[in-house]
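Subject: Structure for your review

Dear colleague,

Please find below the structure I am handing over to you. My notes on what was found in it follow directly after.

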2 protein chains.
Amino acid sequence: MTRTAFFISDGTGITAESLGRSLLAQFSGVAITMLTKPYIDTVEKARELAGVIDATAGRDGVQPIVIDTIVNEDIREVIRTATCFKIDVFSTFLAPLEEELATHSSYSVGRTHAIGSDDVYMDRIHSVHFALDNDDGARTYQYDEADIILIGVSRCGKTPTSLYLALQFGIRAANYPLTEDDQDEDGVLRLPQFLAKHHHKLFGLTIDARRLAAIRHERRPNSRYSSMDQCLQEVEQVEALYRSLHIPSIDTTRFSVEEISTRMIAETGLVRRFSPR
Amino acid sequence: MTRTAFFISDGTGITAESLGRSLLAQFSGVAITMLTKPYIDTVEKARELAGVIDATAGRDGVQPIVIDTIVNEDIREVIRTATCFKIDVFSTFLAPLEEELATHSSYSVGRTHAIGSDDVYMDRIHSVHFALDNDDGARTYQYDEADIILIGVSRCGKTPTSLYLALQFGIRAANYPLTEDDQDEDGVLRLPQFLAKHHHKLFGLTIDARRLAAIRHERRPNSRYSSMDQCLQEVEQVEALYRSLHIPSIDTTRFSVEEISTRMIAETGLVRRFSPR
């Protein structure tokens with residue numbers, strides 16, 4: 001028996017989905033199809049969706065799970081009429097919060113998403129373009145402006161992490177790939193001078209060599225670049241560098257970009273320019 | 001009187017913060033300082049944090065609000081001893097879900113974040129690099145592989161949106177800036193041939209000319225590029241183009257990148273390659 005879960009919102013659906021996935025992840029033994037339904041912001045859309053939920057209940061032979069963060073009472077009421085097991089996040093938590101804060105909540109549609117303000121937008125645009133301009137060691141001269149500089153071997157996750165930090169938190173992250181060009185005449189990896197002077201901003205990424213080889217193989221199959229020997233040697237060299245210079249680092253092998261980014265912030269005390277959600 | 005809210009998690013804190021901000025956004029009249037505390041994954045860290053919460057209660061003269069998504073019972077128990085108004089998301093919703101699903105939940109730390117799988121990682125890396133390679137009309141030849149192609153005037157939000165679609169959903173988004181180079185000899189904006197053949201993949205962005213001028217002014221102050229006249233004319237031309245060719249579009253002026261992206265997915269039926277949260 002498979003079950004269906006609907007994450008329903010009058011906005012982006014990000015909160016409902018995030019919460020829903022967290023809760024349902026605790027039931028790994030149950031096969032659940034998860035569907036996100038954002039922008040259910042009128043009674044008409046809610047009626048249509050209630051029809052879909054009812055049809056799903058008939059098809060599955062069991063009522064779907066509904067997790068919603070709809071603010072408007074009329075719209076919520078329509079969803080409630082569908083055949084479903086409903087987890088009503090706002091009505092569960094807003095009443096006790098109203099009591100604790102000794103005030104009424106606004107219940108206004110869209111109030112959740114006060115994230116499109118001009119300042120946030122400008123910060124975000126600026127941070128994203130900063131990350132792009134300073135990606136992959138392209139323009140080293142903006143390191144003065146960087147909040148953090150990610151270093152590591154090619155394809156260890158620097159670019160996605162820099163962009164995530166920029167988009168989600170407005171953090172200006174540069175990144176620089178450590179390659180054979182950064183070795184001295186004895187073949188030992190050295191920190192370039194323009195990075196050494198920003199030592200306090202450096203954060204190292206490392207990765208399991210086997211995983212690295214697989215990732216590089218996608219890009220350049222059967223090359224020296226993607227060979228196990230090459231990957232092993234590069235990873236050993238950067239890890240030795242981090243140790244000898246006391247550069248904080250994180251192994252990206254087992255972590256998602258969200259985890260790498262939030263762990264980095266927690267560890268360094270980096271200040272977020274905004275909180276998008 | 002100012003109040004403090006703590007969003008506490010044994011993982012990234014993304015779910016706790018997202019839910020917390022949504023709930024507290026309903027109380028616009030109350031000044032609340034919001035703090036996210038991720039990776040509280042040991043009893044020791046929880047004890048330390050409980051101390052911080054108690055100290056905050058003393059300083060504020062009122063108990064802080066705590067919203068947590070900690071799975072481990074022992075760690076939750078420590079937080080519960082702090083002076084706070086606690087919204088315990090998991091214990092509130094997991095019990096009824098266990099009943100509905102007729103099974104026990106796993107309550108395992110980290111279970112929430114089954115997002116670092118190899119497939120998701122590869123999809124994400126690929127999508128991010130696709131967005132970068134196809135940013136700003138840099139390499140038009142990969143449009144065959146694109147899931148969606150964003151078009152619009154320079155600085156209307158194409159790049160952040162493309163990157164967000166890639167990072168959050170694994171969607172391969174190219175983007176192309178419509179400029180004076182795309183005008184015919186009469187000065188009328190035309191769709192370039194290499195875009196016209198992908199008509200079904202096109203999605204237009206537009207923006208309020210005043211806002212556009214402000215954004216461009218940050219980049220090139222007092223230039224023709226950032227002048228109100230120029231911005232007005234460019235915006236009018238792209239909007240006329242969208243209308244005449246029936247290209248779906250969205251006005252980015254009032255929306256966050258999250259909203260633009262999720263609305264685009266809702267409107268086009270684009271399929272997400274993964275769901276990161």
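The largest nonpolar core of this predicted model has 100 residues. Those with the most contacts inside that core are Ile148, Ile151 and Met264 of chain A, together with B:Ile148, B:Ile151 and B:Met264. A second, separate core comprises 38 residues, including A:Phe27, A:Phe93, A:Leu101 and B:Phe93. As general background, nonpolar side chains in soluble globular proteins tend to be buried together.

B:Ile151 illustrates the surroundings of one of these core residues. Leaving aside residues up to four places away in sequence, B:Ile151 touches B:Lys158, B:Tyr176, B:Leu178, B:Leu191, B:Leu195, B:Leu202, B:Phe203, B:Gly204, B:Leu205, B:Tyr242 and B:Ile247.

Confidence

For the complex, the predictor gives an ipTM of 0.86 and a pTM of 0.88. The average pLDDT of chain A is 90, and 95% of its residues score at least 70. Among the elements of chain A, strand E7 (residues 202-206) has the highest mean pLDDT, at 98, and helix H5 (residues 118-133) the lowest, at 85. Residues 109-115 of chain A call for caution: the pLDDT there is below 50. Beyond near neighbours in sequence, this stretch nevertheless has 20 contacts in the model. Where pLDDT is low, the predicted coordinates should not be read in detail.

Helices of chain B

Helix H6 (residues 158-169) of chain B packs against helix H10 (residues 257-268) of chain B at an angle of about 70 degrees, and their axes are 9 Å apart. H6(B) is therefore roughly perpendicular to H10(B). From H6(B), the contact involves B:Pro160, B:Thr161, B:Tyr164, B:Leu165 and B:Phe169. These meet B:Val257, B:Glu258, B:Ile260, B:Ser261, B:Thr262, B:Met264 and B:Ile265 in H10(B). By character, the residues of this contact divide into eight nonpolar, three polar and one charged. B:Met264 thus appears both in this contact and among the residues with the most contacts inside the largest core.

Helix H1 (residues 14-24) of chain B is mostly covered, with eleven of its eleven residues buried. Among them are the charged residues B:Glu17 and B:Arg21, as well as B:Ile14, B:Leu19, B:Leu23 and B:Leu24.

Individual residues of chain B

Two residues have a positive phi although neither is a glycine: B:Ala102, at about 50 degrees, and B:Arg155, at about 70 degrees. In general, most residues other than glycine have a negative phi. B:Ala102 is placed in the loop between helix H4 (89-101) and helix H5 (118-133) of chain B, and is exposed because its relative accessible area is 69%. B:Arg155 lies in the loop between strand E5 (148-152) and H6 of chain B. With a relative accessible area of 16%, B:Arg155 counts as buried.

B:Arg211, in helix H8 (residues 209-219) of chain B, is also buried, with a relative accessible area of 9%. B:Arg211 and B:Leu101 are 110 residues apart in sequence, and their C-alpha atoms are 50 Å apart in space.

B:Lys197 sits in the loop between helix H7 (193-196) and strand E7 (202-206) of chain B. Its relative accessible area of 59% makes B:Lys197 exposed. From C-alpha to C-alpha, B:Lys197 and B:Tyr143 are 9.7 Å apart, with a separation of 54 residues in sequence.

With kind regards

How values were computed:
Residues numbered from 1 in each chain as written. Chains lettered and ligands numbered in written order. Predicted model: local features only at pLDDT ≥ 70, side-chain atom pairs only at ≥ 80, totals over all residues. Heavy atoms only, no water. Core = buried A, V, L, I, M, F, W, Y, C linked by side-chain atoms within 4.5 Å. Buried < 20%, exposed > 50% of the residue type's maximum accessible area, 1.4 Å probe, protein only. Contact = heavy atoms within 4.5 Å. pLDDT = per-residue confidence, 0-100. Helix = DSSP H or I, 4+ residues; strand = E, 2+ residues; numbered from the N terminus. Axes fitted to C-alpha atoms, helices over the stretch in contact; angles between N-to-C directions. Parallel < 35°, antiparallel > 145°, perpendicular 65-115°, else oblique.
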